[in-house]
Amino acid sequence: MSRKRCGPCGTWSRPDRVARVPRLLASLLCAAGLLILAVPSASASTIGATASTTVQPGPKPGVQRILYKFGPVRITPGQNTIEFEGNELKPDVPGHILRFKPDLTYADGTVPRVDVIHLHHAVWLSNFRPLFAAGEEKTIFNAPDGYGWVYKPQDKWVMNHMIHNLTPSPTRVYITYEVDFIPSGTAADAGVRDLHTVWNDVEAGKVYPVFDVHKGEGGRDRRYTYPQESARAMRSRRDQVRIDEDGVLVGTAGHLHPGGLWTDLRLTRDGRTVRLFRSKAEYFEPAGAVSWDVAMTATPENWRVGLKKGDVLSVSATYDTSRSSWYESMGIMISAFNPGGTGPDPFATSVDVPGKVTHGHLRENRNHGGAFGGLPDARRLLAAPPAKSRTVPISGFLYGQGDLGMTGRKGRPPTIRPGQSVRFVNRDADRNIFHTITSCKAPCNGATGIAYPLADGPVRFDSGNLGFGPEGRTAAAQRITWRTPKTIRPGTYTYFCRVHPFMRGAFRVAKKR
Ligand SMILES: [Cu+2]
């Protein structure tokens with residue numbers, strides 16, 4: 001399969017028919033140039049012999065239900081990278097897309113457990129702009145009756161995906177999407193009104209549009225809203241999109257990460273702002289707002305908002321910070337816009353109604369973790385003298401000293417004195433494997449699952465993804481070393497790898513002699 005590396009520019013772009021700010025225009029043009037290079041070599045034949053299309057009877061007369069299997073996508077040990085691949089798996093004729101249901105499967109059609117293979121995101125780009133997207137919440141996009149996303153066969157599709165392998169074992173997966181489609185010129189297509197995607201992203205214009213949420217941030221309510229509670233983000237306001245023609249919004253739904261409570265879509269017109277919809281994270285997770293066992297609410301079938309040229313749509317994401325830090329978080333709202341259509345004025349009529357989840361609990365989220373996992377309690381282990389130069393190499397998915405999975409001397413926590421620090425070096429980085437050293441509450445030795453471990457240590461530290469990647473489009477921190485803070489007080493500190501949460505370790509700060 002051809003895998004295209006994109007350069008230092010953004011493809012998370014502003015949507016069709018929406019004015020773009022100059023900063024984004026530059027990144028769009030850059031993305032367009034690179035993707036034009038990428039697309040000609042990418043076709044169904046380069047994806048692999050088993051890339052496939054299945055046409056089934058649709059839910060209504062005249063509607064085709066088409067299942068596309070994009071792959072096999074080869075997943076390397078510990079993979080956590082962002083990829084762009086050409087995508088010819090789309091309808092052959094013009095028409096309208098009424099419904100879009102994404103998923104991730106193995107070759108046999110079963111869905112990987114989310115604590116094993118994790119769909120960080122997939123974005124279906126059409127003509128270099130996002131059309132649909134999926135994360136582990138796997139929201140289903142449904143156009144209201146009488147509307148459909150407009151589609152032409154000459155639209156250039158590119159698959160942007162980040163599939164995260166939480167284990168050291170390579171595998172192969174398929175990104176699947178079930179599309180309900182009506183061909184143009186058929187009776188069923190008569191009168192169907194065009195939809196375009198409006199993409200609001202709190203970090204729009206970045207290929208990896210993420211922000212960190214730290215435990216305890218966000219004031220007394222321990223709820224942190226981005227960008228409003230970040231002075232830096234409020235200076236750039238990447239979350240805003242200006243609408244450049246009159247029309248009607250007919251639906252919206254949000255995307256966020258574990259810890260997220262909701263995303264809000266707002267409209268600003270003539271200096272006034274009104275909330276249009278709150279997409280709530282409804283957690284099935286027994287432990288609460290801490291995992292991917294969640295579904296997002298979407299707007300009801302009859303939701304409409306009339307928009308005027310010059311209106312500004314904006315998004316915010318609110319996270320719970322009472323229990324854990326949430327690194328590399330997202331906040332996106334994906335809306336469907338019908339140019340030229342009309343709808344209620346949201347300043348005169350309240351449109352901010354409760355939504356509905358688009359699916360229930362998913363089986364792949366059933367392994368929650370946290371039960372006894374057989375690992376020791378590092379607080380009871382004998383201390384090891386500090387390693388040479390107080391450096392711990394990370395290699396083969398093991399922390400070289402103090403890994404809770406190692407027995408004997410190697411498993412003992414390296415011990416330093418107050419004012420010193422332990423230095424970690426990721427020796428797996430040359431195999432494109434990133435690791436982190438992230439604080440979790442001791443003993444941090446429970447079984448790995450989607451809700452365990454959490455970044456919930458009493459002293460907050462996080463190394464970032466130690467490794468290198470293409471500038472501007474990677475989770476990598478662009479370094480392979482990290483030192484523990486020198487200010488840490490005596491005690492035993494446990495940590496895990498956010499990329500490979502089965503990796504656990506400890507270090508100790510000894511009392512002053
Ligand atoms: Cu790791």
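Which residue in β26 is the bridge partner of Ile394? In this predicted model, the partner is Tyr399. The pair belongs to a link between strand β25, residues 391-395, and β26, which run antiparallel and are joined by 2 bridges. Starting from this small detail, the description below moves outward to the sheet, the loops and the chain.

The two strands are part of an open sheet of 4 strands, and reading across it gives the order β26-β25-β28-β30. The pairing within this sheet is mixed. In general, strands of a sheet pair through backbone hydrogen bonds, in either a parallel or an antiparallel sense. Which strands stand at the edges? These are β26 (398-399) and β30 (481-483); each has a single partner strand, so one side of each is left without a neighbour in the sheet.

The loop between β25 and β26 contains Phe397. Phi of this residue is near 65°, a positive value in a residue other than glycine. Is Phe397 buried or partly exposed? Phe397 counts as partly exposed because it has 19 C-beta neighbours inside 10 Å, and a residue needs 20 or more to be buried.

A second loop, between β29 (438-440) and β30, deserves a closer look. Pro443 lies in this loop, and a cis peptide bond joins Ala442 to Pro443, with omega about 10°. Pro453 is also placed in the loop between β29 and β30; here a cis peptide bond joins Tyr452 and Pro453, and omega is about -5°. Cys444 is found in the loop between β29 and β30 as well, and its phi is near 50°, a positive value in a residue other than glycine. With 26 C-beta neighbours inside 10 Å, Cys444 counts as buried. For context, most residues other than glycine have a negative phi, and most peptide bonds are trans.

Strand β29 leads on to another set of pairings. β29 and β31 pair in the antiparallel sense over 3 bridges, and in β31 the bridge partner of Thr438 is Phe496. β31 also pairs with strand β32, residues 504-509, in the antiparallel sense, this time over 6 bridges. Within that pairing, Thr494 stands opposite Ala506 in β32. Why can β31 be called largely enclosed by the rest of the structure? The reason is that 5 of the 6 residues of this strand (residues 491-496) are buried.

These elements sit in a protein chain with 3 helices and 32 strands. Buried residues make up 50% of the 513 residues in the chain. Among contacts with a separation of 6 or more, 78% are accounted for by residues 24 or more positions apart.

How far can the coordinates be trusted in detail? The mean pLDDT of the protein chain is 88, and 89% of its residues reach 70 or more. Over residues 1-50, however, the pLDDT is below 50, although this stretch has 104 contacts in the model beyond near neighbours in sequence. Where pLDDT is low, the predicted coordinates should not be read in detail.

Conventions:
Residues are numbered from 1 along each chain as its sequence is written. This is a predicted model: local features need pLDDT of at least 70, side-chain atom pairs count only at pLDDT 80 or more; totals for chains, interfaces and linings use all residues. A residue is buried if 20 or more other C-beta atoms lie within 10 Å of its own, exposed if 12 or fewer, and partly exposed in between; C-beta atoms are placed from the backbone. Two residues are in contact if their C-beta atoms, placed from the backbone, lie within 7 Å. Two strands pair if DSSP finds at least two bridges between them. pLDDT is the predictor's confidence in each residue, from 0 to 100.
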